[in-house]
Amino acid sequence: MNRFTWLRNPLVKFDDKNLRLVPPNPAGKWCLIAADETTEFSPVELSEGELAVLYIERRLSFRLPGGYDPNLLKRERLAPTIDDLPEKERREALRRNGYVKGLQDAGCKSCSPSSVTRLLIVEVARELGDPCPPHPISVYRWARRSAESGRGVISQRRKSWGTNTGREHRLPERTVEIVNHCIDKIYLEGRESGEATRLEVLRVIANENLSLPPTKQLVAPSLATIYRMINGRDAYERAVARYGEEEANRRFRHSKAGIRASRPNERVEIDHTPLDIFVVDEDAHLPLGRPWITVAIDKRTRMVLGFHISFSPPSVEAVMHCLRHAVLPKIDLKARYPALKNSWLAHGLPETLVVDNGLEFHAEALEVAALGLGFRIEFGGKRKPFHKGAIERFLKTLNYNLIHKLPGTSFAKYWQRFDFDPLKHALITLEKLNEVIHRWILDVYSQQMHRGISEPPALRWQRESKMHAPELPACVDKLDIHLSQVVHRRVWHYGIQLHGDQLYQSSELQDLRRRYGENLEVQVRFHNADMTQIHVQDPESEEYINVENVSPDAVRGMSASQYKWIRAYRKKMARTEERELSIAEAKAELRNLVSELFESKKLRDRTKGERMKDKETKTNGAQGSEKTLNLALEDELEDEMDFETAFA
């Protein structure tokens, strides 16, 4: 699918007229003029926001389509400076260097031991104020070490300081063998604690001592000694032995800059997470549970492009909702949430959608949408969330910086609650939660300094989107088609029945039925959030036509999922036990009345009873036919039965 932007594609279609879009003047106004001499149109000046409004309202559409992996440089390790040493080491190193320099300044270049050297050492000690002058052999070794290493004063530090290389094991060789064997068997292979390893060492040594004379008895080492021997081994090898190579690689991985994006919408990361908060019903004020949120974020600017909240677990439907919200300009937020201080500028089609390996991201519907809208899907590695670190970091920030501060929060871990009962303190509704998240994203998160990009996300988006304008599909209808769900339905004389009992009818739809016959079955695309219209594919041209709901006001602003549960609830209420009992009693009374009329001696009564019996039979037959028809048409009966089971 082609991508469009105001700057690159000046030819547009406005109210069925071919126009040209002139770049903005110094006042920031765009100008719509006639594209050719045959079009009659008076020039109109519009702001970019007004263009977005016309685009959303489907009045304006575009007419023409339009790793860094460096080699790690092995640098020479730099020696620590004298200031890096502890105070005691620093004083001793300066003392040794003072003697070496003093003798060399006096003419003893090699500082070799002699009677003259001994006298000079005494003089240097007097100058340094050292009450304990060193032996000439020690000064000779210090001078030789300084000359060989070429590191100056830092070479005078003791080898055993900080490195522990000057100490050997004071344990007997057999004891060291036993300890190492127990470490391999208990601590590494068995993944038990150091205390368990120590107990095994005690047991093995006790058995060993049974066959040894009293003078050669082995002494068990302390727990500190065992831990010192454990920590003396390579940390990575210990992790491989205890947890496996994959976990060891994860723990000891080295983080680099990773894949970078050079412009907005080049890489968009998307993921789900449950929000750590309990939401209540708007009417009953009873807790409904923890909702899920699906968020799409731009890698380059760290600006949130869109999100979707629902109580359903992660699904391709939630991904489609989030993508639609991310692509379209957000123009009605100030009217919906008057307290907002900033506009939501981020929007546009992604070039690459970065996802994990969830089943919803492998759905065929998402792959078809990616092909149709012109973006590619990039899957991260298994159990490697750092491949999409921007969205992972944002979801954690959202929960910790916002959700955990709201009433009814469940916190990230249950032990963080202490005596706090989230169900008892739950107050926020789903609509209020949407408003709070909108305000936090636009007025807090996007406006404050972001550590990853060293500037606020909104500021970077505003600056870089001028150089790389967000791309949009030709019209909103095409976006809806590509991000919609697909079903197949038969075209009846009353139209298409969808969502249980909703009817969709138009003259174009009946024209298809006239052309292809009464048994025509078509492909239908619908958006779960908008029940007012559907898109039906023409079998011959394969183009889609819009078909409106015959009663759009009844479902306006309602999603298909909400309507499905409402229908199931109403059906449950209509089939209560009292109502069914009342109907059964009425039918029993009717049967008794018919029996009495048949037993009457009057011909008129027997005739009346026959008519009543016949009427009842026909009524039941009509109800059965209607029920059979409804069962054939309703595609969501199984979902309703599942709901009834859960509701009961």
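Let me begin with a definition: a residue is called buried when its relative accessible area is under 20%, exposed when that area is over 50%, and partly exposed in between. The structure I am presenting is a predicted model.

With that scale in mind, consider two residues that have a positive phi although neither is glycine. Arg58 has a phi near 65° and belongs to the loop between α1 (48-56) and β5 (60-62). Its relative accessible area is 38%, so Arg58 is partly exposed. Asn265 has a phi near 70°, and its place is in the loop that runs between α9 (245-251) and β6 (267-274). Asn265 has a relative accessibility of 3% and therefore counts as buried.

I turn next to the interior. The largest nonpolar core contains 72 residues, and those touching the most other members are Phe394, Leu433 and Ile437. If we leave aside neighbours within four places in sequence, the contacts of Phe394 are Val295, Ile297, Val304, Trp440, Ile441 and Tyr445. A second core, separate from that one, has 19 residues, including Leu498, Leu512, Ile534 and Val555. As background, nonpolar side chains in soluble globular proteins tend to be buried together.

Leu512 leads us to helix α18, which spans residues 507-516 and has as its buried residues Leu509, Gln510, Leu512 and Arg513. Why do these four lie on the same side of α18? The arc they cover around the axis is only 150°, and this places them on one side of the helix. In general, an α-helix has 3.6 residues a turn, so residues three or four places apart point the same way. Ser507 and Arg514, on the other side of α18, are exposed. The buried residues of the helix pack against four strands, namely β14 (496-498), β15 (502-504), β17 and β18 (544-548). After α18 comes Gly517, with a positive phi near 105°.

Strand β17 appears again in my last topic, the largest cavity, where its 3 residues form the largest share of the lining. The volume of this cavity is about 50 Å³. Which residues line the largest cavity? They are Arg324, Asp480, Phe526, His527, Asp530, Gln533 and His535. Two elements, β16 (521-527) and β17 (530-537), each give two or more residues to this lining. By type, the lining comprises 1 nonpolar, 3 polar and 3 charged residues.

To close, I would draw attention once more to β17, against which the buried residues of α18 pack and which gives 3 residues to the lining of the largest cavity. Thank you.

Conventions:
Residues numbered from 1 in each chain as written. Predicted model: local features only at pLDDT ≥ 70, side-chain atom pairs only at ≥ 80, totals over all residues. Heavy atoms only, no water. 1 Å grid on protein atoms, 1.4 Å probe; cavity = no way out; pocket = protein on both sides within 12 Å on 5 of 7 lines; lining within 4 Å. Points joined across faces, edges and corners; volume = space filled by probe spheres on them. Nonpolar A, V, L, I, M, F, W, Y, C, P; charged D, E, K, R; others polar. Core = buried A, V, L, I, M, F, W, Y, C linked by side-chain atoms within 4.5 Å. Buried < 20%, exposed > 50% of the residue type's maximum accessible area, 1.4 Å probe, protein only. Contact = heavy atoms within 4.5 Å. Arc of directions from axis to C-beta.
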